[in-house]
Amino acid sequence: MNNVTVNSENITLPSWSGSACQFALKIIKELKHDNWELSVLFCDDKTIQNLNFQYRNKNEPTDILSFNLGETVKNENKTVYLAGDIVISLDTLRENARYFAIPEDEELRRLLIHGILHLNGMEHETIDPGEPMLILQEEILNKYKNEIIIPNGGNS
């Protein structure tokens, strides 16, 4: 059984955070993983900018950061894979959605998939849509295009 924990920092935990958790669990299952544990942290631009500077030496906000832990531990009678943490700035998510003229809900699904793929060991060198990781990301996003995390697409 997989486990996803959702929290927030410097913002109120969104009312739809439980739906985000359920969506992340579906993506982990889509990748055929079992006994995975990961956390998702929703935050503001200031928080993610501080993390981006601390861990990537980039003093600017970003939409998502993934912190791969990649450790296997024994938990009671089963082996659990501690995948890591995903941090998403809801400020930048909203900016991206406006810029690309897409619903915030779609952008959130894309970012969750993106983060999980990074925790799964995938990387991309550029944001070129031809990158194998980004191709897979969009294929999974298309497969789950009818899933709803943010009511009304987040554009209310």
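The expected span of a helix is 1.5 Å times one less than its number of residues, a handy rule for the first view of this predicted model.

**View 1. Helix H5 and its span.** Let's start with helix H5, whose 12 residues run from 132 to 143. At 1.5 Å a residue they should span 16 Å, and the end C-alpha atoms lie 17 Å apart, which agrees.

**View 2. The two faces of helix H5.** Which residues of H5 are buried? They are Met133, Leu134, Gln137, Ile140 and Leu141. Because these residues cover an arc of only 125° around the axis, they sit on the same side of H5. An α-helix has 3.6 residues a turn, so residues three or four places apart point the same way. Turned away from the buried side of H5 is a face carrying the exposed residues Pro132 and Lys143. For partners, the buried residues of H5 pack against helix H1 (17–30) and helix H4 (104–119).

**View 3. The open four-stranded sheet.** Follow the strands in the order E1-E2-E4-E3 and you will meet mixed pairing. Strand E1 (3–9) and strand E3 (64–75) are the edges, each pairing on one side only. On average, neighbouring strands here are turned by 15° against each other, direction ignored.

**View 4. The E3–E4 pair.** E3 joins strand E4 (residues 78–89) in the antiparallel sense, over 10 bridges. Look for Ile64, whose bridge partner in E4 is Ile88.

**View 5. Helices on the sheet.** H1 packs on the sheet and touches both E1 and strand E2 (36–43), with its direction at about 140° to that of E1. Helix H3 (residues 90–100) lies across E2 and E4, running at about 65° to E4.

Definitions and conventions: Residues are numbered from 1 along each chain as its sequence is written. This is a predicted model: local features need pLDDT of at least 70, side-chain atom pairs count only at pLDDT 80 or more; totals for chains, interfaces and linings use all residues. Side-chain values use heavy atoms; hydrogens and water are left out. Helices (H or I, at least four residues) and strands (E, at least two) are DSSP runs, numbered from the N terminus. Buried means under 20% relative accessible area, exposed over 50%, partly exposed in between (1.4 Å probe, protein chains only). The arc is that of the directions from the helix axis to the C-beta atoms. Contact means heavy atoms within 4.5 Å. Two strands pair if DSSP finds at least two bridges between them. Axes are lines fitted to C-alpha atoms, for helices over the stretch in contact, and angles run from 0 to 180 degrees between N-to-C directions.
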